[in-house]
Amino acid sequence: MRPAALDWSVDNCTIARAMEILGERWTLVVLREVFTGVRRFDDMRVRTGIPRQVLTNRLAGLVEEGVLAREPYREPGSRVRHEYRLTEKGLDLWPVLVAVLGWGDRYLADPEGPPLTVAHRDCDAPVRVELRCADGHDVERTRDVVPRPGPGARRRTS
């Protein structure tokens, strides 16, 4: 049986576009750090072991894409430096990181458990990503989700 997905083009796929920005390991590590409150270059470099030039490039790319914003700060007696803050576009990535964290916890955590958890600030309950349709129904099984061409889909010509 021929998959229906072969009838439309993926040339303008937003998953591919997103992965152009996020699809490198260190990018998600940088975002993890900023989401956990580590916003300064030297702190990120020491904490993660990311090579200096790689970290410079990842931060510059995330700023260029509008995911992070550079904010100046100055320690007494030092030159002006920058820390990195999440923009609205960046904050919207939190569910993505929580989903990746949940998947990693399920399949890759050490026997003693994961080194990072996320909790609801108000009640301290664990947070996880769940699927729900626009009509409010919880999607219990991933196989209950059907990919379909969206309004920007292009019919394949070959």
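## Group meeting: strands, salt bridges and a surface patch

I would like to begin with one pair of residues, since in strand S3 the residue that bridges to Glu71 is Glu83. Please keep in mind throughout that what we are looking at is a predicted model.

That pair belongs to a wider arrangement, in which strand S2, covering residues 68-74, and strand S3, covering residues 80-86, run antiparallel to each other and are paired over seven bridges. Between the two strands of this hairpin there are five residues, and in the hairpin Gly77 adopts a positive phi near 80°. As a general remark, side chains along a regular strand alternate between the two faces of the sheet. Glu83 also appears in another setting, namely a network of salt bridges that links it with Arg40, Glu75 and Arg85.

This brings me to the charged pairs. How many salt bridges does the structure hold? The count is 11 salt bridges, and in general side chains of opposite charge can pair when their charged atoms come close.

Let me take one of them, the salt bridge in which the side chains of Arg58 and Glu24 meet, with an N to O distance of 2.7 Å. This pair joins distant parts of the chain, since Arg58 sits in helix H4 (residues 52-64) while Glu24 lies in the loop between helix H1 (14-22) and helix H2 (25-35), and the two are 34 residues apart. Arg58 counts as partly exposed because its relative accessibility is 22%, and Glu24, at 27% relative accessibility, is likewise classed as partly exposed.

I would next like to turn to Glu33, and to ask whether this residue is buried or exposed. Glu33 is buried, because its relative accessible area is 0% and the cut-off for buried is under 20%. Glu33 nevertheless meets the side chain of Arg32 in a salt bridge, at 2.7 Å from N to O, and Arg32 is partly exposed at 32% relative accessibility. Glu33 also forms a salt bridge with Arg47, where the closest N and O atoms are 2.3 Å apart. Here again distant parts of the chain are linked, with Arg47 in helix H3 (residues 41-48) and Glu33 in helix H2, 14 residues apart. Arg47 itself counts as exposed, because its relative accessibility is 53%.

Moving on to the surface, we find a nonpolar patch formed by Trp103, Tyr107 and Leu108, which together have about 400 Å² of accessible area. Leu108 belongs to helix H6, which covers residues 94-108, and at 58% relative accessibility Leu108 is classed as exposed.

A word on the cysteines: Cys13 is partly exposed, at 25% relative accessibility, whereas Cys123 counts as exposed, at 51%. With a disulfide taken as two cysteine sulfur atoms within 2.5 Å, the count for this model comes to zero disulfides.

Finally, I should mention the record, in which an unreviewed UniProt entry lists residues 13-112 as "domain: HTH hxlR-type". In the model, that span is 60% helix and 14% strand, and its end C-alpha atoms lie 39 Å apart.

Definitions and conventions
Residues are numbered from 1 along each chain as its sequence is written. This is a predicted model: local features need pLDDT of at least 70, side-chain atom pairs count only at pLDDT 80 or more; totals for chains, interfaces and linings use all residues. Side-chain values use heavy atoms; hydrogens and water are left out. Patches are made of residues with over 30% relative accessible area and no salt bridge: like charges are joined within 9 Å, nonpolar side chains (Val, Leu, Ile, Met, Phe, Trp, Tyr) within 5 Å. Accessible areas come from the Shrake-Rupley method with a 1.4 Å probe; for residues, only the protein chains shown count as cover. A salt bridge is a side-chain nitrogen of Lys or Arg within 4 Å of a carboxyl oxygen of Asp or Glu. Helices (H or I, at least four residues) and strands (E, at least two) are DSSP runs, numbered from the N terminus. Buried means under 20% relative accessible area, exposed over 50%, partly exposed in between (1.4 Å probe, protein chains only). Two strands pair if DSSP finds at least two bridges between them. UniProt positions are given in the numbering used here, feature names are shortened, and annotations may be inferred rather than shown by experiment.
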